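Colleague: I have just opened this one and could use a guided tour. Could you start with the cysteines and then take me through the sheet and the core?

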Amino acid sequence: MHPLFEKASSLTETVIAAAIEVHRDKGPGLIESIYEWCLLKELELRGLKCVSQQSVLIKYKGFTREEPLRFDVLVEDCLLVEAKAVEHILPIHKAKLLSYMKLLDLPLGLLINFHEMKVTDGVNRLILPGANK
């Protein structure tokens, strides 16, 4: 089992509750950056340590490169959150989040689509393969 899996798993309920609060306040129809910023602030109000829009470090066969890929929100150094405001979640959205989770060695990710009328219908919980075993 991934050493951060239990911690990340215990945070998902709080993060989803924060997303519900943001959606309740703002509703659907805004751009992703607004939801991301509001979610970041809501999580901080709930006492969680979060960082956003940081570069991803790429490692390959002993080489390292800082890439301009930027993730949305990292909660407590163990749970990656990707905020979307799209008509439909596509497989590429999930693939991108999984790739970031792999690059950052994070066991869990939440893909939250704020475009839904009920934000809980837009929540996808992704587990890094093998992280929960």
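Modeller: This is a predicted model, and I will begin with Cys 38. The sulfur of Cys 38 lies 14 Å from the closest cysteine sulfur, which belongs to Cys 50, and that is too far for a bond, because a disulfide needs the two sulfur atoms within 2.5 Å.

Colleague: What about Cys 78, how far is the nearest cysteine sulfur there?

Modeller: For Cys 78 the nearest cysteine sulfur is again that of Cys 50, at 10 Å, and Cys 78 is in no disulfide. The count for the model comes to 0 disulfides.

Colleague: Is Cys 38 buried or exposed? And Cys 78, buried or exposed?

Modeller: Cys 38 counts as buried because its relative accessibility is 12%, under the 20% limit. Cys 78 counts as buried too, with a relative accessibility of 0%.

Colleague: OK, on to the sheet. In what order do the strands come?

Modeller: The sheet is open and has 5 strands in the order β1-β4-β5-β6-β7, with mixed pairing. β1 and β7 stand at the edges with a single partner strand each, so one side of each has no neighbour in the sheet. On average, neighbouring strands are turned by 20° against each other, with direction ignored.

Colleague: Which strands does β6 pair with, and in what sense?

Modeller: With β5 (residues 79-84), β6 pairs in the parallel sense over 6 bridges, and Leu 80 stands opposite Gly 109 there. With β7 (residues 123-127), β6 pairs in the antiparallel sense over 5 bridges. Two of the residues facing each other across that pairing are Leu 110 and Arg 125, and Leu 111 has Asn 124 as its bridge partner in β7.

Colleague: What kind of unit do β5, α3 and β6 make?

Modeller: β5, helix α3 (residues 91-104) and β6 make a right-handed β-α-β unit.

Colleague: How many residues of β6 are buried?

Modeller: In β6 (residues 108-113), 6 of the 6 residues are buried, so the strand is largely enclosed by the rest of the structure. Leu 108, Leu 110 and Ile 112 point one way from β6, whereas Gly 109, Leu 111 and Asn 113 point the other way, and all of them are buried.

Colleague: And β7, which of its side chains are buried?

Modeller: In β7 the two faces are unlike in this respect, since Asn 124 and Leu 126 point to one face and are buried, while Val 123, Arg 125 and Ile 127 point to the other face and are not buried. In a regular strand the side chains alternate between the two faces of the sheet.

Colleague: Where do the helices lie against the sheet?

Modeller: Helix α1 lies across β4, β5, β6 and β7 and runs at about 15° to β6. Helix α2 lies across β1, β4 and β5 and runs at about 160° to β1.

Colleague: Could we look at one residue in α1? What does Thr 12 touch?

Modeller: Thr 12, which has its place in helix α1, touches Leu 79, Leu 108, Leu 110 and Arg 125, leaving aside residues up to four places away in sequence. Thr 12 counts as buried, with a relative accessibility of 10%.

Colleague: Now the core, how many residues does the largest nonpolar one have?

Modeller: The largest nonpolar core has 37 residues, and those with the most contacts inside it are Leu 43, Val 75, Leu 79, Val 81 and Phe 114. The elements giving two or more residues to this core are α1 (5-26), α2 (32-45), β4 (73-75), β5, α3 and β6. Among these, α1 gives the most, with 7 residues.

Colleague: Back to Val 75 then, what stands opposite it in β5?

Modeller: Val 75 stands opposite Leu 79 in β5, and β4 and β5 pair in the antiparallel sense over 3 bridges. Not counting residues up to four places away in sequence, Val 75 touches Leu 11, Val 15, Leu 43, Leu 48, Lys 49, Cys 50 and Val 81.

Colleague: Where is Leu 48 found, and is it buried or exposed?

Modeller: Leu 48 is found in the loop between α2 and β1 (50-52), and Leu 48 is buried, with a relative accessible area of 14%. Leaving aside residues up to four places away in sequence, Leu 48 touches Leu 11, Thr 14, Leu 43, Val 75 and Glu 76.

Definitions and conventions: Residues numbered from 1 in each chain as written. Predicted model: local features only at pLDDT ≥ 70, side-chain atom pairs only at ≥ 80, totals over all residues. Heavy atoms only, no water. Buried < 20%, exposed > 50% of the residue type's maximum accessible area, 1.4 Å probe, protein only. Helix = DSSP H or I, 4+ residues; strand = E, 2+ residues; numbered from the N terminus. Pairing = 2+ DSSP bridges. Right-handed = clockwise from strand over helix to strand, strands pointing away. Core = buried A, V, L, I, M, F, W, Y, C linked by side-chain atoms within 4.5 Å. Contact = heavy atoms within 4.5 Å. Axes fitted to C-alpha atoms, helices over the stretch in contact; angles between N-to-C directions.
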